[in-house]
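Student: I've got the model open and I'd like to know what stands behind the labels people put on it. Can we go through them one at a time?

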Amino acid sequence: MPISLFPNAQDFQAPASGTLVVIGNFDGVHRGHVAILRRAVELSERLGLSPVLLTFHPHPAEVLGRGKLPQLTSLSFKAELIARVSPTIAVVAHPFTLELSQKSPEQFASELLVGLLGAKRVMVGENFEFGKNRSGKFKDLVALGEKFGFVAEAVALSGDDGGIFSSSRVRQALEAGNVQEVSRVLGRYHTLSGTVVRGQGRAQALGFPTANLAEVAEALPRLGVYAVFVEELTASGPRAIGPGVANVGVRPTLGAGFSVEAHILDFRGDLYGEKLRLGLVEGLREEQKFSSLEALVAQVQQDLKHARGILANYSGLGAA
């Protein structure tokens, strides 16, 4: 799948016909985001423009000292998910710096949107703010569009009976361990990715070898045990490995400390050094401390049986 990811707006070559620029963080690329992207692609085709998603990396709140939220998707996976909506969308992840934060709304529009991205149409959220001290509002974007030759449009996120589709709703569901709710909002399974490293070997000694993931950057679910589907991330793209059971927690019975680890059902092979992606399909139980290793082994056997039933007809990390 072709993915167009530009780490700086200066690397993007705007076509002479102009672009339709969608601005937002799009963390998680949830169902509300997908609806906006589909509208952007449809409108771009109708107007003869090229669709561009403008996001910022790192997140502005982090640079401005307002705290760091756990990300739902890495930048590379965000671009992959956007390409699934349409490979015609160019993702521009412009560096957010203190210098950029000091630009006036007029400078933001003239230098970045028009000068670098060639915007003829700009789509933003209803509460979009931009420029120094977030002084620019949507009405200012409309006025600047009239001055610099683009049309500004405010779009609302869609939702369901549970509320508006939002990244914060996903994070709240993850904290509660409700991965079914997470999947409803995302329209797919939330994933955790990391590189397989050597653990302490205790799970293998008990008969359940696990792949221990290091440097997992995505937002974690509530500590517990989950039915998952596992992919290997290769240079040519993700490769399905199979179903499994993941433990996210501190492993209290073994006193082994925190880990994100997965036992892959019916898998034999060496994955050390490889990067894996775990899709959280369903929660099995909360993490608990057992009275003995025998009790732990008996419960793990039940977990594997439960997961096998859930994942029997499952083939990959597509739409939930």
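Student: What makes a residue part of the lining of the largest cavity, and which ones lie nearest its centre?

Tutor: On a 1 Å grid over the protein atoms alone, a cavity is a set of points where a 1.4 Å probe fits but cannot get out, and a lining residue has an atom within 4 Å of a point. By that rule 23 residues line the largest cavity, and N247, E261, R285, L296 and V300 lie nearest its centre. This is a predicted model, where local features need pLDDT of at least 70 and side-chain atom pairs count only at pLDDT 80 or more, while totals for chains, interfaces and linings use all residues. Residues are numbered from 1 along each chain as its sequence is written, and side-chain values use heavy atoms, with hydrogens and water left out.

Student: How much space lies in the largest cavity?

Tutor: About 380 Å³, where volume is the space filled by probe spheres set on the grid points, joined across faces, edges and corners. The structure has 2 cavities of 30 Å³ or more.

Student: Which elements give two or more residues to the lining of the largest cavity?

Tutor: β12 (237–249), β13 (259–264) and α10 (293–310). Those are DSSP runs numbered from the N terminus: helices are H or I with at least four residues, strands E with at least two. The largest share, 5 residues, comes from α10.

Student: What makes F56 and F108 a tilted pair?

Tutor: Rings of Phe, Tyr and Trp (its six-membered ring) pair if their centres lie within 6.5 Å; planes under 30 degrees apart count as stacked, over 60 as edge-to-face and the rest as tilted. There are 5 aromatic pairs in the structure. For F56 and F108 the centres are 6.4 Å apart and the planes at 45°, so the pair is tilted. F56 belongs to strand β3 and F108 to helix α5 (residues 105–116), so the pair ties together parts 52 residues apart in sequence.

Student: Why is F56 called buried?

Tutor: Buried means under 20% relative accessible area, exposed over 50%, partly exposed in between (1.4 Å probe, protein chains only). F56 comes in at 13%, so buried is the right word. F108, at 7%, is buried too.

Student: And why is the pair of F128 and F130 called stacked?

Tutor: Check the angle: F128 and F130 have 10° between the planes, with 5.2 Å centre to centre, and that makes them stacked. F128 is buried at 13%, and F130 is buried at 3%. Ring pairs link F56, F96, F108, F128 and F130 into a cluster.

Student: How do you know that R198 lies over the face of Y272?

Tutor: The test is that NZ of Lys or CZ of Arg is within 6 Å of the ring centre and within 35 degrees of the ring normal. R198 passes, at 3.8 Å from the ring centre of Y272. The charged end of R277 sits over the ring of F77 as well, 3.9 Å from its centre.

Student: What is the phi of V29, and is V29 buried or exposed?

Tutor: Phi is about 45°, positive although V29 is not a glycine. V29 sits in the loop between β2 (19–23) and α1 (31–47), and its relative accessible area of 3% makes it buried. R134 also has a positive phi, near 55°, but at 42% relative accessible area R134 is partly exposed.

Student: Why is the peptide bond from H57 to P58 called cis?

Tutor: Its omega is near 0°. P58 lies in the loop between β3 (50–57) and α2 (60–63).

Definitions and conventions: On a 1 Å grid over the protein atoms alone, a cavity is a set of points where a 1.4 Å probe fits but cannot get out, and a pocket is an open set with protein on both sides within 12 Å along at least five of seven lines; lining residues have an atom within 4 Å of a point.
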